[in-house]
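Colleague: I would be grateful for a close look at one loop of this model and at the side-chain pairings that surround the topic. Please set out the cut-offs as you go.

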Amino acid sequence: MYRIVRKEVMSPVIKLMEIEAPEVAAKAQAGQFIILRIDEEGERIPLTIADFDRTRGTITTIFQEVGYTTRRLGTLEAGDALADFVGPLGQPSEIANYGRVVCVGGGVGVAPVYPIARALKEAGNEVISIIGARTKELLIWEDEMRAVSSELLVATDDGSYGHHGFVTDLLKQVLEERGNVARVWGIGPVVMMRAVAETTRPFGVPTIVSMNPIMVDGTGMCGACRVSVGGETKFACVDGPEFDGHQVDWQLALRRMNMYREEEERILK
Ligand code: FES
């Protein structure tokens, strides 16, 4: 069993959980994810790794309650335990000294961006981070992101905090006014990641996105997590979750994401 050692309610629908899983924490790297199951009958859900602490043997994950399982997970408290906690899964981010990089996080996508920004900063990069949310209450980890970035820019869709507008407005500004950006990471909702990729495309800046499709086994066997990248079928769980944002078939990704929505809504009624 995997014990929850800390729970933080970040907003009514966003929760943080630090979970005891020493063997996962020992190997976890930026960019990877885990798959958990609340109990024997539960569905498996993939969650990105927001932080890992090898000394404490814990993994921190931040999730938004969007479906049946994440809502159930959100009702658990510190001291409760999970039946399964498998990972780290997926390929780690390619960390190197690129020079100037930009890390963009939207909504709970800020959480997986955090260890990537930290690793890039440690590797000697100038890290400009841009984080955003629909509104101020949904903005997470501003202080944490500031601590691992050379510079932090903030946007909210409704203008309640920081720039009034999208993270991509700020990204465009950085690309135009600073230039010399070697690489961009963008993690968040699919529509946001598509917008990040479309913003960087005319500038020819390599752009990495992290795909978080439906997953079942997490081992490349079931095909549930397939995405099309550069005309080839890839499995997000073993080949990703990071892919070249300029090569992803975004239309297909959006279609597949909506496939299970009806069933989910039926369960939640
Ligand atoms: Fe089954 Fe990726 S989750 S192939």
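**A loop and its pairings**

Modeller: Tryptophan 141 is placed in the loop between S10 and H4; helices (H or I, at least four residues) and strands (E, at least two) are DSSP runs, numbered from the N terminus. The model is a predicted one, in which local features need pLDDT of at least 70 and side-chain atom pairs count only at pLDDT 80 or more, while totals for chains, interfaces and linings use all residues. Residues are numbered from 1 along each chain as its sequence is written, and side-chain values use heavy atoms, with hydrogens and water left out.

The backbone at tryptophan 141 deserves attention: although the residue is not a glycine, its phi is positive, at about 55°. Most residues other than glycine have a negative phi, and most peptide bonds are trans. Tryptophan 141 counts as buried because its relative accessibility is 10%; buried means under 20% relative accessible area, exposed over 50%, and partly exposed in between (1.4 Å probe, protein chains only). Asparagine 180 also has a positive phi of about 55° without being a glycine. Asparagine 180 belongs to the loop between helix H5 (167–177) and strand S13 (181–187), and its relative accessible area of 70% makes it exposed.

The ring of tryptophan 141 leads to the aromatic pairs. Three of these are found when the whole structure is searched; rings of Phe, Tyr and Trp (its six-membered ring) pair if their centres lie within 6.5 Å, and planes under 30 degrees apart count as stacked, over 60 as edge-to-face and the rest as tilted. One of the three joins tyrosine 2 and phenylalanine 85 in a tilted arrangement, with 5.9 Å from centre to centre and 35° between the planes. This pair links distant parts of the chain, since tyrosine 2 is in strand S1 (residues 2–11) and phenylalanine 85 is in strand S8 (residues 84–89), 83 residues apart. Phenylalanine 85 is buried, because its relative accessibility is 3%. The pair that involves your loop is formed by tyrosine 114 and tryptophan 141; it is edge-to-face, with centres 4.9 Å apart and planes at 70°. It too links distant parts of the chain: tyrosine 114 is in helix H3 (residues 110–122), and tryptophan 141 follows 27 residues away, in the loop between strand S10 (126–133) and helix H4 (142–147). Tyrosine 114 is likewise buried, at 11% relative accessibility.

Rings also take part in another arrangement, in which a charge sits over a ring (NZ of Lys or CZ of Arg within 6 Å of the ring centre and within 35 degrees of the ring normal). The charged end of lysine 136 is placed over the ring of tyrosine 161, at 5.1 Å from its centre. Arginine 118 lies over the face of phenylalanine 52, 5.5 Å from the ring centre.

As for charged pairs, the whole structure holds 17 salt bridges, each being a side-chain nitrogen of Lys or Arg within 4 Å of a carboxyl oxygen of Asp or Glu. Arginine 6 meets glutamate 8 in one of them, with N to O at 2.8 Å. Both residues are partly exposed: arginine 6 has a relative accessible area of 32%, and glutamate 8 has a relative accessibility of 32%. Arginine 6 also bridges to glutamate 18, where the closest N and O atoms are 2.8 Å apart. Arginine 6 is in strand S1 and glutamate 18 in strand S2 (residues 14–20), so this pair ties together parts twelve residues apart in sequence. Glutamate 18 is buried, at 5% relative accessibility. Another salt bridge runs between glutamate 198 and arginine 201, at 2.9 Å between the closest N and O atoms. Through shared partners, salt bridges unite Arg6, Glu8, Glu18 and Arg56 in one network.

Two peptide bonds complete the backbone picture. The bond from glycine 87 to proline 88 is cis, with omega near -5°, and proline 88 is part of strand S8. The bond from glycine 240 to proline 241 is cis as well, with omega near 10°; proline 241 is in the loop between strand S16 (232–235) and strand S17 (242–244).

For context, the protein has eight helices and 17 strands, and 52% of its 269 residues count as buried.
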